[in-house]
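User: Please take a close look at one part of this model, the place where two of its chains meet, and set it against the rest of the assembly. I would like a careful, connected account.

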Amino acid sequence: MKPFLFGLLVIGLLAWAPLVLNDYGTGLLLGLTGYATLATAWAMFSGPTRYVSLATVAFFGIGAYTVAVLSETLPYPLVLVVAALIGLSVSLVVGLATLRLAGVYFVIFSFGLAELVRQTVTWYEVNVTGTLGRYIFLPLEARHIYWQLLALLVLTLLIGIYMRKSRIWLALVAVGDDEVAARHAGVDVTRTKLALFALSATIITLVGAIQAPRWTYVEPTIVFNPTISFLTLVMALLGGAGKLWGPIVGAIPLFLLFEWLSANFPNHYSIILGGIFILIVFAVPNGILARLETLGQRRKGEAQ
Amino acid sequence: MFEHLINGLVLGGTYALVAMGLTLQYGIARIMNLSFGDTVIAAAFAAYVLFTALGLSPLLSLLIVVPAGFAFSYGIFSLIMRPLVRRSANSEALEVDSILATFGLLFVIQGVLLVLFGGNFTSYSYLNVPVDILGAVVALNRLSALILAAVLGGALVLLLMRTRWGLRMRAVAISASSAPLVGINVIQTSRMAFAIGGALAASGGVVISMYQTFTVTSGVVFTMKALIVVIMGGKGSLPGALAAGLILGLVETFVAAYIDPGLTLASTYLIFLALLLLRPSGLFGKAS
Amino acid sequence: MSEVLKVDGVSRRFGGLLAVNNVSFAIEPGQIVGLLGPNGSGKTTMLNMISGALKVSGGQIAFQDQLVTGLPAHKIAKRGVARTFQLVRSLPSLTLTENVLISAAYGRERLWGAAALDKVAENLALVGLEGRGDEPVADLTYIDLKRMELARAMVADPKLLLLDEWLAGLNPAELQIGVDLIRRLQQRGITILLVEHIMDAVRATCARCIVMSAGAVIADGPTDQALADPEVIRAYLGDDDA
């Protein structure tokens with residue numbers, strides 16, 4: 001009961017925050033919640049299975065672009081549903097084609113997927129609709145977007161908590177460890193991977209869709225910015241992709257650092273970013289949380 | 001028709017050259033290098049600077065840029081990859097680690113290029129004179145790009161197939177764990193393969209700069225295409241990379257000419273997917 | 001009931017190599033059958049086809065009177081075929097309990113929660129790993145890993161157990177424990193097909209042996225008879241000469 005009440009209190013505080021914060025503060029909180037959700041959703045699949053997905057921005061962009069295209073013709077909630085369905089379908093096709101093969105094919109395919117989707121959308125816009133770039137006019141303020149993202153984050157975490165108590169988590173970790181052993185224990189490896197990849201991709205698509213109204217003007221190069229895939233990955237890895245709270249623990253310091261860097265070193269942003277990432281791969285291969293746990297155990301060991 | 005064939009061969013030759021570099025890095029050094037295309041683009045910018053600032057022809061700048069690509073990759077391997085190779089328990093762990101580390105490197109290289117050159121499309125005009133070959137009109141720069149790719153690629157194949165040094169490389173590619181048993185220093189061989197891969201990337205960059213427009217962010221596409229060629233051809237197989245590169249170049253040129261230039265990448269992906277599903281070990285790869 | 005397993009004219013080709021050539025045999029319920037033969041005779045390939053790890057190139061395999069040819073491994077596991085591997089396959093991120101639990105959760109019974117954990121504990125006790133469920137498998141010794149694999153196979157209440165050189169690499173004392181364990185499984189009514197090189201262990205456990213050489217069955221019958229077959233002796237000695 002206690003953690004439940006504590007959780008409610010934290011969610012309440014976070015939901016109340018934009019009412020007292022200024023625009024900048026709300027914007028910061030919004031961005032942070034967006035990345036926390038992205039990283040958590042990413043880790044939901046890639047953490048246990050160790051299939052590194054570099055396709056985050058492909059789905060994020062699909063979500064954002066769907067909103068840009070449909071926001072004037074359909075009611076907003078329906079637009080979100082359509083976006084989620086498109087994300088789901090794309091992830092199922094990509095997953096079916098690549099997840100049966102060795103992990104490295106999946107990584108490579110996901111690496112280029114964003115570029116493929118971006119070029120295809122650009123081609124479609126130029127040749128079929130004859131426009132490149134769209135305006136989104138939705139009566140949504142920053143705090144409305146933030147509340148939706150917060151709800152999505154809570155939902156994602158609840159799914160994560162539920163998953164860890166159910167057999168699917170065991171199957172996912174087993175798939176990450178040894179697919180052959182998992183298969184002979186009765187796990188339908190392909191379906192398990194596909195289901196989780198699709199779930200994770202759908203949540204990522206929704207983050208893109210919800211955040212889209214923040215830009216009033218949208219074009220493929222804006223919403224398919226590969227930095228988003230990159231940051232999501234870095235955050236999840238820094239915090240620890242195998243842990244429920246890992247991605248959020250990684251997202252908070254890194255998001256603030258990136259905000260500060262892009263404000264102060266706009267030109268050298270990408271260089272510093274890449275450097276930090278290489279350092280993370282070297283210094284904390286299993287993430288901060290795992291590192292903290294081993295430190296904790298060592299301390300306990302010393303005390304005994 | 002014939003003109004498209006030649007243009008397709010030029011493009012395909014360049015892809016094959018670049019992909020040979022990647023197949024050395026992935027097949028022998030076992031590093032999946034996501035920053036490979038950015039090395040290519042960095043070399044293209046270097047050739048551009050040497051041409052516009054010093055008036056150096058791309059053929060001469062190869063003499064500077066290729067050794068620089070070698071040295072750069074040699075350094076990257078010693079600095080970043082070697083510790084990863086050492087700590088990884090198995091090749092799978094190394095694959096993931098190298099993907100992540102080179103993903104970071106991609107952003108570093110791109111960031112440096114962005115600071116130096118900005119985000120605009122870049123090209124220069126070199127040997128941009130039409131040549132008539134059997135009735136088809138082809139730019140001389142494209143023709144020389146094709147010849148260059150053939151010479152460089154051919155030299156590499158000869159080295160690998162005919163020399164003792166090449167034998168050592170191929171031994172590591174086949175089994176990195178048993179190569180030490182016959183006295184091969186795997187780390188040294190891997191570093192050499194990685195560095196030569198970098199040199200090939202650099203030469204590919206110079207060749208590309210002769211006839212294509214490029215930007216700081218085009219690296220991703222080159223990495224992607226090189227990866228597709230490597231996988232299509234079979235990991236570590238040079239003849240495979242050659243064949244797959246040519247196929248890719250031809251398909252792209254014909255799709256651009258007869259269907260739509262905006263769909264070339266989509267067609268590349270389609271071939272890739274079809275191949276993965278039909279022949280997962282690649283055109284020349286051995287069935288596992 | 002009729003046969004638990006019926007292999008009918010099964011072949012497997014790897015490129016130009018015919019690893020298993022038109023093999024047929026059947027196994028009655030409750031039998032322990034040894035699958036013997038020199039290295040490269042196609043024993044493990046045969047096990048891999050029965051468990052669904054490999055597709056057959058020709059022929060049919062029936063399990064409990066139903067064809068399983070072409071079914072994926074996880075479906076065959078769910079029907080009640082469990083196996084161990086020549087080289088132990090553990091799941092190093094998981095604890096001992098979880099390594100066994102996976103098969104309880106996804107195997108024939110699809111157990112979860114307290115029922116599954118009870119079942120896991122029971123099977124850990126059966127193989128001699130009582131009370132050690134919380135240990136990470138990365139810390140286990142070789143024999144304990146082998147025990148874990150057996151518990152993982154047994155927890156799903158399989159009808160047919162495939163053991164691929166499960167006794168290999170054990171020292172004499174451990175070997176005795178292993179042989180006793182296999183006998184105890186038989187008392188539970190499980191049918192076992194085991195690939196083994198240790199002849200003493202084969203004699204101590206198997207009433208019947210199938211001997212393969214170069215992909216084909218060269219002898220099939222009561223253990224003593226099969227091992228005394230002149231062609232079997234030639235196959236083994238020929239192997240030694242090479």
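Analyst: Contact is taken here to mean heavy atoms within 4.5 Å. The model is a predicted one, and every value below is computed from it.

On that footing, the part to examine is the interface of chain A and chain C, to which chain A brings 19 residues and chain C brings 25 residues. Between them, the two chains bury an area of about 1900 Å², and carbon and sulfur atoms supply 65% of that area. On the chain A side, the residues that lose the most area to chain C are A:Arg167, A:Leu170 and A:His184, which together make up 40% of what that side buries.

Turning to the polar features of this interface, there is one salt bridge between chain A and chain C, and it pairs C:Arg89 with A:Asp178, whose closest N and O atoms are 2.9 Å apart. Eight residue pairs are found in polar contact across the interface, with both residues of each pair at pLDDT 80 or more. Two elements of chain A, helix 7 (167-177) and helix 8 (179-184), each give two or more residues to the side that touches chain C, and helix 7 of chain A gives the most, with seven residues. Sorted by class, this side of chain A holds nine nonpolar, three polar and seven charged residues.

As for the other chains, there are two pairs of chains in contact, and chains A and B are the pair that shares the most contacts. Chain B and chain C, by comparison, are joined by no contact, and their closest C-alpha atoms lie 9 Å apart.

The interior can be read alongside these interfaces. The largest nonpolar core has 252 residues, and B:Phe103 and C:Leu161 are those with the most contacts inside it; helix 7 of chain B (residues 186-211) gives the most to this core, with 13 residues. Apart from neighbours within four places in sequence, B:Phe103 is in contact with A:Leu54, A:Phe111, A:Phe230, A:Leu233, A:Phe277 and B:Leu34. A second, separate core has 25 residues, among them C:Val7, C:Leu47, C:Met49 and C:Leu193.

Within chain A, A:Gln211 has its place in helix 9 (residues 189-211). With a relative accessible area of 13%, A:Gln211 counts as buried, because buried means under 20% relative accessible area. Its contacts, once neighbours within four places in sequence are left aside, are with A:Leu30, A:Gly31, A:Gly34, A:Phe60, A:Ile145 and A:Leu149.

Terms used:
Residues are numbered from 1 along each chain as its sequence is written. Chains are lettered from A and ligands numbered from 1 in the order in which they are written. This is a predicted model: local features need pLDDT of at least 70, side-chain atom pairs count only at pLDDT 80 or more; totals for chains, interfaces and linings use all residues. Side-chain values use heavy atoms; hydrogens and water are left out. Buried area is the accessible area (1.4 Å probe) that two parts lose on being put together, summed over both. A salt bridge is a side-chain nitrogen of Lys or Arg within 4 Å of a carboxyl oxygen of Asp or Glu. A polar contact is a pair of N or O atoms within 3.5 Å; within protein, one must be able to donate a hydrogen and the other to accept it, and residues adjacent in sequence count only if both atoms are side-chain atoms. Helices (H or I, at least four residues) and strands (E, at least two) are DSSP runs, numbered from the N terminus. Ala, Val, Leu, Ile, Met, Phe, Trp, Tyr, Cys and Pro count as nonpolar, Asp, Glu, Lys and Arg as charged, and the others, Gly among them, as polar. A nonpolar core is a set of buried Ala, Val, Leu, Ile, Met, Phe, Trp, Tyr and Cys residues joined through side-chain atoms within 4.5 Å. Buried means under 20% relative accessible area, exposed over 50%, partly exposed in between (1.4 Å probe, protein chains only).
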